[in-house]
Amino acid sequence: MNSELDSLCDVIVHLRKATKEAENNIEEPMDEDNLCTICYANEVAVVFHPCKHTSCRTCIKQQLMSCRECFYCKSNVESYSDIAPSSDMADTSAGGATSSK
Ligand SMILES: [Zn+2]
Ligand SMILES: [Zn+2]
């Protein structure tokens, strides 16, 4: 009687499939959808911390000169960092991302 084992194998196969599909869905096309919704002129390039909203670099720089509010949720923007190209997102959250050039 291996029916239990069989169904376990089934579950594992299902899980593997689901994982693969999820991985495929992660790749987002970088199109005009990626435009900054503040100015609609530049591509979204930075993500704010801690609220994770995004805008282009120009907009957040100007915003931080006057106040530190997020455009969208009005929460305090403690810092922002570049949105890494999808190829190497491995260690962007390692810290040291607060330097303002
Ligand atoms: Zn912008
Ligand atoms: Zn926000």
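In the predicted model, Tyr-40 counts as exposed because only 12 or fewer neighbours are allowed for that class and Tyr-40 has 9 C-beta neighbours inside 10 Å. Tyr-40 belongs to the loop that connects helix H1 (3-26) with S1. The phi angle of Tyr-40 is positive, near 50°, although the residue is not glycine. Most residues other than glycine have a negative phi, and most peptide bonds are trans.

Departures from both of these tendencies occur in the loop between S1 and S2. Lys-52 lies in this loop and has a positive phi near 70°, again in a residue other than glycine. With 9 other C-beta atoms within 10 Å, Lys-52 is exposed. Pro-50 is also placed in the loop between S1 and S2, and the peptide bond that leads from His-49 to Pro-50 is cis, with omega near 5°. The hairpin formed by S1 and S2 has four residues between its strands.

The pairing of S1 involves two other strands. With strand S2 (residues 54-55), S1 pairs in the antiparallel sense over two bridges, and Thr-54 of S2 is the bridge partner of Val-47. Strand S3 (residues 79-82) also runs antiparallel to S1, to which it is joined by four bridges; here Asp-82 is the bridge partner of Val-46. The two faces of S1 differ in their surroundings: Val-46 and Phe-48 form the covered face, whereas Val-47 and His-49 form the uncovered one.

Both residues of the covered face, Val-46 and Phe-48, enter the largest nonpolar core. This core has nine residues in all, the others being Cys-36, Cys-56, Cys-59, Ile-60, Cys-70, Val-77 and Tyr-80. Two or more of the core residues are given by each of strand S1 (46-49) and helix H2 (57-66). For the core residue Val-77, contacts beyond four places in sequence are made with Phe-48, Leu-64, Arg-68, Glu-69 and Cys-70. Among these partners, Phe-48 and Cys-70 are themselves members of the core.

An annotation covers part of the chain. In an unreviewed UniProt entry, residues 36-74 are listed as "domain: RING-type". Over residues 36-74, the model is 26% helix and 15% strand, and the C-alpha atoms at the two ends are 17 Å apart.

Key. Residues numbered from 1 in each chain as written. Chains lettered and ligands numbered in written order. Predicted model: local features only at pLDDT ≥ 70, side-chain atom pairs only at ≥ 80, totals over all residues. Core = buried A, V, L, I, M, F, W, Y, C linked by C-beta atoms within 7 Å. Buried ≥ 20, exposed ≤ 12 C-beta atoms within 10 Å, placed from the backbone. Contact = placed C-beta atoms within 7 Å. UniProt positions renumbered as here; feature names shortened; annotations may be inferred. Pairing = 2+ DSSP bridges.
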